[in-house]
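This briefing looks at a few local features of one protein chain, and it is best read with the structure open beside it.

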Amino acid sequence: MSEHGDVAEPRPDEQPIDETTVDQADSRHDEDDRLKTDFVSAVLDAVEEGESERARELVSPLHPADIADLLELTPSERRGEVAAALGDLVGAEVLSELNDYVRDDLLDSLAPEQVAEFASELDTDDAVAIIEDMDDADQQAVLDALDPEDRAAIENALSYPEESAGRLMQRDLIAVPEHMTVGQVIDYLRDNSDLTTDFWEIFVVDEQHKPIGTCQLSWILTCPRSVAMSDLMKREQTLIPVDMDQEEVALRFQKYALISAAVVDGSGRLVGMITVDDIVHIISEEAGEDILRLSGAGEGDINEPVMDSYRARVRWLLTNLLTALVASTIIGIFEGTIEKMVALATLMPIVAGVGGNAGSQTMAVTVRALATNQITGTNTRRTILREIRVALLNGATVAVVLGIGVALVFQNVHLGGVIAAAMMTNILTAGFAGAAVPLAFDRMNLDPAVASSIFVTMITDSMGFLAFLGLATAAGLTG
């Protein structure tokens, strides 16, 4: 016993930390915990020289997530060779950590029996993630190679819509009836070796297998054996419908600070659970998707085939080309005005560019608020008015600075006043459009992150040119 408190002594079978192992780990990772280029090159060189044992020796201490990183860093034409050399080090856990495109490449080189073996070693949600994107024929071959129990669970998961709670949930959980005591539950957990070993919450169900409460393991371990589960459990819980979209599931986890949650079918029966480790992945994935959609970059994955990236991006570039013609047409209308005062051509991109940035800021805030359910029918009008007030302050500040600067540089107070008024007008327009366009797409049940940027840019460019050139003409700057 330590004089400073209770300190757990190491068990006789525990091994002390090997400083050599720590040093080797440092030699494999940089300060950002990424695999070093020298280490990746050493593995690839060993494989190329036919020294598979050497390659396995280098890779064997790595975590499955690091092995997945290694395969993703390997040139696509060599991944099959490297995976074959590493053998059983590329197991089910590594496959579940791989980028989708890299995993698909590897799965194409494996027999259905091998894929089925990997799938049987994983939780249902991870197994589904591996199988769901395969071609129908390959998918069926893998399902045929699975044992009946695993096949039934995976087929059941595949019957739910993509990106739904049914696809995301785990089937392996602990559920007990409310009449059991704490002691009976502990004995049940100890006596049944086929139960899942990864859990920290037990679900309490009624006779119809409907969840009526939850109980954390810590409560069970610190409570007398004679206490009934019905007296110990927490009855308030967040239930996830099996067909709920995964983004909405993630929002519920975030809102209610959940570690796990029960998933129920249409009749309210317990069919699975979702844990926070899956939600972390979903939140990251959904956030990345929204950012890429705002730019029209498709999935934006560096492992995505070139032609897929081309098809995803070019359609938005062509759409942007069409919207840019609107702004070009406005410039053409004032061609005579620009010829009389060349300074207008120099200054008008400033009005359009700053307005475009202001619109992008508002649009990003609005899209995020829509994605996190912060905007509802109750506060939509208030949100638009708030963004207009912010735009009013930003516009006034930028307009004053720009107006004074232009007046001094061009020695023309009238020109400074015109560009200040145009900038004010465009930033106000940008504030309104940046909020209203995503909200309009959302009301039409369209993804506001997909096309908002193109239309907001069109509005701010067009209004910028129209306001500046129109005001210059109306003010008689060109005589």
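Over residues 316–334 the chain is 95% helix and 0% strand, with the C-alpha atoms at the two ends lying 28 Å apart. The model is a predicted one, and the points below take up the annotated regions, an aromatic pair and a surface patch.

**Regions listed in UniProt**
- The unreviewed UniProt entry lists residues 316–334, 390–410, 416–441 and 453–477 under "transmembrane region", and such annotations may be inferred rather than shown by experiment.
- One of these listed stretches is residues 416–441, over which the chain is 100% helix and 0% strand, while the end C-alpha atoms are 37 Å apart.

**The aromatic pair**
- The count of aromatic pairs comes to 1, and this pair is formed by F441 and F455, whose ring centres are 5.9 Å apart and whose planes meet at 50°, an arrangement classed as tilted.
- The pair links distant parts of the chain, since F441 belongs to helix α22 (residues 413–443) and F455 to helix α23 (residues 448–474), with their positions 14 residues apart.
- F441 counts as buried because its relative accessibility is 13%, and buried means under 20%.
- F455, by contrast, counts as partly exposed because its relative accessibility is 31%, a value to be read against the range between 20% and 50% that defines this class.

**The nonpolar surface patch**
- V400, I404 and L408 together make a nonpolar patch of about 300 Å² on the surface.
- V400, one of the residues in this patch, lies in helix α21, which covers residues 380–410.

Notes:
Residues are numbered from 1 along each chain as its sequence is written. This is a predicted model: local features need pLDDT of at least 70, side-chain atom pairs count only at pLDDT 80 or more; totals for chains, interfaces and linings use all residues. Side-chain values use heavy atoms; hydrogens and water are left out. Patches are made of residues with over 30% relative accessible area and no salt bridge: like charges are joined within 9 Å, nonpolar side chains (Val, Leu, Ile, Met, Phe, Trp, Tyr) within 5 Å. Accessible areas come from the Shrake-Rupley method with a 1.4 Å probe; for residues, only the protein chains shown count as cover. A salt bridge is a side-chain nitrogen of Lys or Arg within 4 Å of a carboxyl oxygen of Asp or Glu. Helices (H or I, at least four residues) and strands (E, at least two) are DSSP runs, numbered from the N terminus. Rings of Phe, Tyr and Trp (its six-membered ring) pair if their centres lie within 6.5 Å; planes under 30 degrees apart count as stacked, over 60 as edge-to-face and the rest as tilted. Buried means under 20% relative accessible area, exposed over 50%, partly exposed in between (1.4 Å probe, protein chains only).
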